[in-house]
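Student: I should like to take a close look at how helices pack against one another in this protein. Would you please take me through one part with care, and then set it beside the others?

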Amino acid sequence: MDDEKREVHATAAGTVHPFAESTPPVEHAGDFKDDVKIHVDDELVEEDLYTPLIMDADIPDEGNPLTIRAVVTGIVLGSLVGASNLYLGLKTGFTFSANMFGAIFGYGVLKFFEKSGGNLPIIGGVFGPQENSIVQAAATGAGGISGIFVAGIPAMYRLPNVMEKGHTPKDDIGAIFTITLVCSFLGIFYVTPLRKFFIIQVARELKLMFPTPTAVALTIRSMHAGAAGGIDAIKKLKCLGLSFFAALIHRVTSYYAIGIMYDWHVFTWIHIWSGYTSWAMNIESWGWYMEWTPAFIGSGILIGLNPAISMFVGSLLAWGLIGPLLVHYGECIGKDLSDGDPRWDGYYTFSSLKNLGKETPSPRYWLLWPGVMVMVCASLAELFVQYKVIGIGFKSLWNEMCANINSRLVARGKTNAFFAKHGAPRQKMEGEVEDPALPEDQVKNWMWILGLLVTFVVAMLIFHFQWEMNPGLTILACLLAFIFSFLAIQIGAVTDTTPLTAASKASQLIFGGATSGAGYSVGHAQKLNLVAGGLASGGADVANALVSDFRTGFLIGTPPVKQFIAQSIGSFVSVWLAPGLFVLFTAAYPCIYDDSYDSCAFLVPSVSAWAAVAQAVTDPNVKIPLKSGIFSIVMGVFSVIQVVFRHFYLVGEREKYRKWLPNWGAIALSWVIPAPVFANAALLGAIIAALWRKYDMRTWDLYGYAVAAGFIAGEGLGGVVGAILTLAGVDGSVKGTMIACPMDSC
């Protein structure tokens, strides 16, 4: 084979899903195959995706891909996604990864610099795939850590006696900065030594495909594959740009006619047209309307029909059957929103989480527990059926620790039989590949060890003085963060769904037990509960993002230390950006953290769920309804049985039937979200994608991900613009119309 003339073009064989949770759930990654078909010297061959990709031989040597222009571009693009994530997370509880957005948009920006900059320092110079992966690594870092601001932190303000009375997030910005710093860098430092384990040692045996990072690597490779790749890359970029700005403009303009351009309250229309009859408002009260949200239509384009249908069916069960039955038989209640106006008689809310323990709960509180139980059970079951990874993982960590200690003893002229025995070079696992990164390209041990020690000490001080957590509980919180990161990465590598919800809820439950009977006041116990859950969720989120970047870099050939530095710089920016944006949103919409408001532009489902769990495990007056608990256990057991059935029975020739099983993660999410509106939009997007793939697979491969990524980021940024308009007093509620909305308010 003549390597000088080799031309490579590749597309992913199968469906991939370019984002990670706290995200909408996706189809099992079994649909993403272990290889791609590529043309080499005009021959179609299969390429193993557990080894580095074959790159175009005409790509010049990049030297040092960690450039200022790549990092700055990545930070800017990641900041856009971070702003989008805060808006979308507060609205729906979901956040999205910046990796695909950063990869495609970054290509356009740096390609422009390459052509126009010439030999100018910093701006000019050759642009290749490794530098492209640095852009997406910096973008991932800058766009991360939004999760704690759409869940645990605002939940602290919703609970009495947790934060200082009368304080707003702006008043506590210093403490918010510091907890963000700990969550970000604890995750980065403790996951760094696991790169070889997840990417090199056990990836093939445990089928750790990492669908999204693999899709990003294939996209980067295709964009840099000669003239044809460049033409396709420009097409992707234009498509992403158009969808981004279309979604941004639609979201901003829709604020001024929200009942016409954004929310279609069909049953409210029927109610008005029929002379204000109550039956239509009863359906409206359960959240059955259509929202033209580009972000969730884009999400549906990505996740596929199985999870989208599962989410819709879950919503139908929760808000069309179980909820109405609970109210009918008096197990739950709704709250009248008509305010005595006979025109809106029959308009209720069934999603209140106020006055828990003091009155009959809402259907939302009742359904919260089976939703959480199924998430936790299904996620942990997915882990335990992959039981090999636990033993191999901890054995590998122990071996590496002993080897490091033994090497240091030997360097000092000392010996220790115990460490020499347990640190002896291990035998390679079957199918293990050689690490393409040279020793000088690896992250040095002193980098992550020193960083981890400093972060750990800082965490002890910050949690003690600012959050009143004793050192023992801080150690427990950090340990849980590491364990849940390990689980989240493994599950996410197989399913492309990172179970951050399950990780945080499990941490909350453990801390509820740890603080029970320890003499803490209810408010203090709830503060510890939410801080610990935030550390587990935030640490796992950042750790998963870094390992995902390592996977992309492994396929592209980017030095791991360069990616580590790029994401660390991006994460440092997010430490300041995310809290600042959170203060912006809470200033514009105080209802985010203050539940005394009757209506709010954000559903804040994660905030309410975190607060409810913290109350249930710390406040003796707040109980889980008995029948809800029984139903939760039954559904949890059923979800575990399905995981076992799928993993051990639907194998070999029967594996093709897996796609017909319901996605219990999607169903559980629809029970936690207090309205079916997002399931409706996601199903629409999934149907569009299914028809698109069926009738024009070529354009789907070219534009599918770009359209979805543009829709998601564009609407999110539109939400940031909306917050600024609200603070300026010129938003839709002041200058627009609420026509066609229930009670003239959307």
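Tutor: Let us begin with helix H5, residues 173-191, and helix H17, residues 445-465, in this predicted model. The axes of H5 and H17 come within 9 Å and cross at roughly 150°. An angle over 145 degrees counts as roughly antiparallel, and H5 and H17 are therefore roughly antiparallel to each other. As for the hand of the crossing, H5 passes H17 in a left-handed manner.

The side of H5 that takes part in this contact can be followed along the sequence: Thr 178, Ile 179, Val 182, Phe 185, Leu 186, Phe 189 and Tyr 190. From H17, the residues that meet them are Met 447, Trp 448, Gly 451, Leu 452, Thr 455, Ala 459, Ile 462 and Phe 463. Sorted by class, the contact of H5 with H17 has twelve nonpolar residues, three polar ones and no charged residues.

A second pair may be set beside this one. Helix H13, residues 305-328, packs with helix H14, residues 363-384, at an angle of about 120°, and their axes are 10 Å apart. H13 and H14 are therefore oblique to each other, and H13 passes H14 in a right-handed crossing. In H13, the residues in contact are Ala 318, Trp 319, Ile 322, Gly 323, Leu 326 and Val 327. They meet Pro 363, Arg 364, Trp 366 and Leu 367 in H14. By class, this contact of H13 with H14 has eight nonpolar residues, one polar and one charged.

The third pair is helix H3, residues 129-142, and helix H7, residues 211-223, whose axes come within 10 Å and cross at roughly 140°. That angle makes H3 oblique to H7, and the crossing of H3 and H7 is right-handed. H3 contributes Pro 129, Asn 132, Ser 133 and Gln 136, while H7 contributes Val 216, Ile 220 and Met 223. Here the residues of the contact of H3 with H7 divide into four nonpolar, three polar and no charged.

Beyond the helix pairs, the count of disulfides comes to two. A disulfide is a covalent bond between the sulfur atoms of two cysteines. One of them joins Cys 591 and Cys 600, with their sulfur atoms 2.0 Å apart. The torsion about the S-S bond of Cys 591 and Cys 600 is about 65°, so this disulfide is right-handed.

Finally, a word on confidence. The protein chain averages a pLDDT of 84, and 92% of the residues score at least 70. Over residues 1-23, however, the pLDDT is below 50, although this stretch has 90 contacts in the model beyond near neighbours in sequence. Residues 26-31 also have a pLDDT below 50, with 24 contacts beyond near neighbours in sequence. Where pLDDT is low, the predicted coordinates should not be read in detail.

Technical notes. Residues numbered from 1 in each chain as written. Predicted model: local features only at pLDDT ≥ 70, side-chain atom pairs only at ≥ 80, totals over all residues. Heavy atoms only, no water. Axes fitted to C-alpha atoms, helices over the stretch in contact; angles between N-to-C directions. Helix = DSSP H or I, 4+ residues; strand = E, 2+ residues; numbered from the N terminus. Parallel < 35°, antiparallel > 145°, perpendicular 65-115°, else oblique. Left-handed = near helix turned anticlockwise from the far one by under 90°. Contact = heavy atoms within 4.5 Å. Nonpolar A, V, L, I, M, F, W, Y, C, P; charged D, E, K, R; others polar. pLDDT = per-residue confidence, 0-100. Disulfide = S-S within 2.5 Å.
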